Amino acid sequence: MKTPADYLACPVFELTYPTGEAAESVPVVAYNDAVRAVEAALADAEKYKYLLMRALRRSGSAQQYPAMVALPASAPETPVLPLYSPDELAA
């Protein structure tokens, strides 16, 4: 897998604030370069997702999961009571 820096094959500039402190510098890239890097990362993510799903399908056939238990349809209804009296609600 690539690191985020591997997707940026473009110049990165350092933008410094008026104080000139190194701690206040921010890396800046052009908008088009950033869009290309994001599109490349999304394409790789789609490829990795496909490979992962294919691997799960191939290895998952041997696993057996327990059957789901359905809740009984005749469960007693629990009455819902108001938290406040009508006099308190009117206030």
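This is a working chat about a predicted model of a protein.

Colleague: Start me off with the fold. How many helices and strands are there?

Modeller: Three helices and two strands. Keep in mind that the model is predicted.

Colleague: And what order do the elements run in, from the N terminus on?

Modeller: The order is α-β-β-α-α. Helix α1 covers residues 4-7. Strand β1 is 13-15 and strand β2 is 26-28. Helix α2 spans residues 31-60.

Colleague: What share of the residues is buried?

Modeller: Buried residues make up 5% of the 91 residues.

Colleague: What about the surface? How much is accessible, and what share belongs to carbon and sulfur?

Modeller: The accessible surface comes to about 8700 Å². Carbon and sulfur atoms account for 64% of that.

Colleague: Contacts next. Of those between residues at least 6 apart in sequence, what share joins residues at least 24 apart?

Modeller: That share is 29%.

Colleague: Now charges. How many salt bridges does the structure hold?

Modeller: One. The side chains of D33 and R36 form a salt bridge, at 2.9 Å from N to O. The pair also registers as a polar contact of 2.9 Å.

Colleague: Where do D33 and R36 sit?

Modeller: Both are in helix α2. They are three residues apart, about one turn of the helix.

Colleague: Is R36 buried or exposed, and why?

Modeller: R36 is exposed, because its relative accessible area is 52% and the exposed class starts over 50%.

Colleague: Leaving aside neighbours within four places in sequence, what does D33 contact?

Modeller: L8 and C10.

Colleague: L8 again, then. How far is the V35 C-alpha from the one in L8?

Modeller: Those two C-alpha atoms are separated by 9.8 Å. Along the chain, V35 and L8 are 27 residues apart. V35 is a helix α2 residue. V35 counts as partly exposed, because its relative accessible area is 30%, between the 20% and 50% limits.

Colleague: Back to acids. What is the story with D44?

Modeller: D44 is in helix α2. D44 is buried yet has no salt bridge.

Colleague: Why is there no salt bridge to K2?

Modeller: K2 is the nearest side chain of opposite charge, and K2 is 4.1 Å away. A salt bridge has to be within 4 Å, so the pair does not count.

Colleague: Which residues does D44 touch, not counting those up to four places away?

Modeller: K2 and Y7. So K2 is in contact with D44, because the contact cut-off is 4.5 Å.

Colleague: Switching to nonpolar stuff. Which residues form the nonpolar patch on the surface?

Modeller: F13, L15, V26 and V28. Together they have about 330 Å² of accessible area.

Colleague: Which elements supply the patch?

Modeller: Strands β1 and β2 each supply at least two of its residues.

Colleague: Take F13. Where is F13 found, and is F13 buried or exposed?

Modeller: F13 is found in strand β1. F13 is exposed, because its relative accessibility is 54%, over the 50% limit.

Colleague: Last one, on A5. Which helix is A5 in, and is A5 buried or exposed?

Modeller: A5 is in helix α1. A5 is exposed, with a relative accessible area of 55%.

Colleague: How far apart are the C-alpha atoms of A5 and A37?

Modeller: They are separated by 9.2 Å. Along the chain, A5 and A37 are 32 residues apart.

Note on methods: Residues numbered from 1 in each chain as written. Predicted model: local features only at pLDDT ≥ 70, side-chain atom pairs only at ≥ 80, totals over all residues. Heavy atoms only, no water. Helix = DSSP H or I, 4+ residues; strand = E, 2+ residues; numbered from the N terminus. Buried < 20%, exposed > 50% of the residue type's maximum accessible area, 1.4 Å probe, protein only. Areas by Shrake-Rupley, 256 points an atom, 1.4 Å probe, with all protein chains shown as cover. Polar contact = N/O pair within 3.5 Å; in protein donor to acceptor, adjacent residues only side chain to side chain. Patch = residues over 30% accessible without salt bridge, like charges linked within 9 Å, V, L, I, M, F, W, Y side chains within 5 Å. Lys, Arg positive; Asp, Glu negative; His and termini not counted.
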